[in-house]
Amino acid sequence: MPKLKLTSAQMVADARARITEVETKDAIAMVDDPDVVIVDIRDIRERQRGHIPGSVHCPRGMLEFWIDPDSPYFKDVFSQDKQFVFHCASGWRSALSVATLQDMGFDAAHLKEGFSTWETQGGPVEVPKPKSA
């Protein structure tokens, strides 16, 4: 096995040192704020098990493209003059994502401990109904 120059844990630590992190209790208070957009970057299968009501789903693999107004994949939701809070399951993917967005010049924060603490701290969760055949 090759020796890595930088581990994923170090990359997350480096990202967290330079981005804005939102504590779960503070994010729960933001859920109905019309000036805040909560963005779920988890895989669709994770989101189908439950998500933050009103959150926007943006798959991690499309993030940079959906945010870039010059990309053919740009999504209008990201042109709004609002506060964006990104989240994943544990806060690792969202930390890396927000650091990348910051490098692009897009102002955003992330849910420090992810959706797992959202659920355990009583944040509202919406579970999609199964599609009928």
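Here is a short chat about burial, exposure and charge pairs in a predicted model.

Trainee: Why is Ile67 called buried?

Mentor: Buried means under 20% relative accessible area, and Ile67 has 5%, so the word fits. You'll find Ile67 in helix H4. Leaving aside its neighbours within four places in sequence, Ile67 is in contact with Phe74, Phe78, Phe86, Leu101 and Phe106.

Trainee: And what makes Asp81 exposed?

Mentor: Exposed means over 50%. Asp81 has a relative accessible area of 79%, so that label holds too. Look for Asp81 in the loop between helix H4 (63-67) and strand E4 (83-87). Along with Asp32, Asp33 and Asp35, Asp81 forms a negative surface patch.

Trainee: How do you know that Asp103 and Arg18 meet in a salt bridge?

Mentor: The cut-off is a side-chain nitrogen of Lys or Arg within 4 Å of a carboxyl oxygen of Asp or Glu. Here the N to O distance is 2.9 Å, so the pair qualifies. This pair links distant parts of the chain: Asp103 is in helix H5, Arg18 is in the loop between helix H1 and strand E1, and they are 85 residues apart.

Trainee: Why is Arg18 called partly exposed?

Mentor: Partly exposed lies between the 20% and 50% limits. Arg18 has 38% relative accessibility, so it goes in that class. Its partner Asp103, at 57%, is exposed.

Trainee: How many salt bridges does the structure hold?

Mentor: Nine. Among them is Arg60 with Glu64, whose closest N and O atoms are 3.0 Å apart. Asp40, Arg42 and Arg47 are linked in a network of salt bridges.

Key. Residues are numbered from 1 along each chain as its sequence is written. This is a predicted model: local features need pLDDT of at least 70, side-chain atom pairs count only at pLDDT 80 or more; totals for chains, interfaces and linings use all residues. Side-chain values use heavy atoms; hydrogens and water are left out. Patches are made of residues with over 30% relative accessible area and no salt bridge: like charges are joined within 9 Å, nonpolar side chains (Val, Leu, Ile, Met, Phe, Trp, Tyr) within 5 Å. Accessible areas come from the Shrake-Rupley method with a 1.4 Å probe; for residues, only the protein chains shown count as cover. Lys and Arg count as positive and Asp and Glu as negative; His and the chain ends are not counted. The place of a charge is taken as NZ of Lys, CZ of Arg, CG of Asp or CD of Glu. Helices (H or I, at least four residues) and strands (E, at least two) are DSSP runs, numbered from the N terminus. Buried means under 20% relative accessible area, exposed over 50%, partly exposed in between (1.4 Å probe, protein chains only). Contact means heavy atoms within 4.5 Å.
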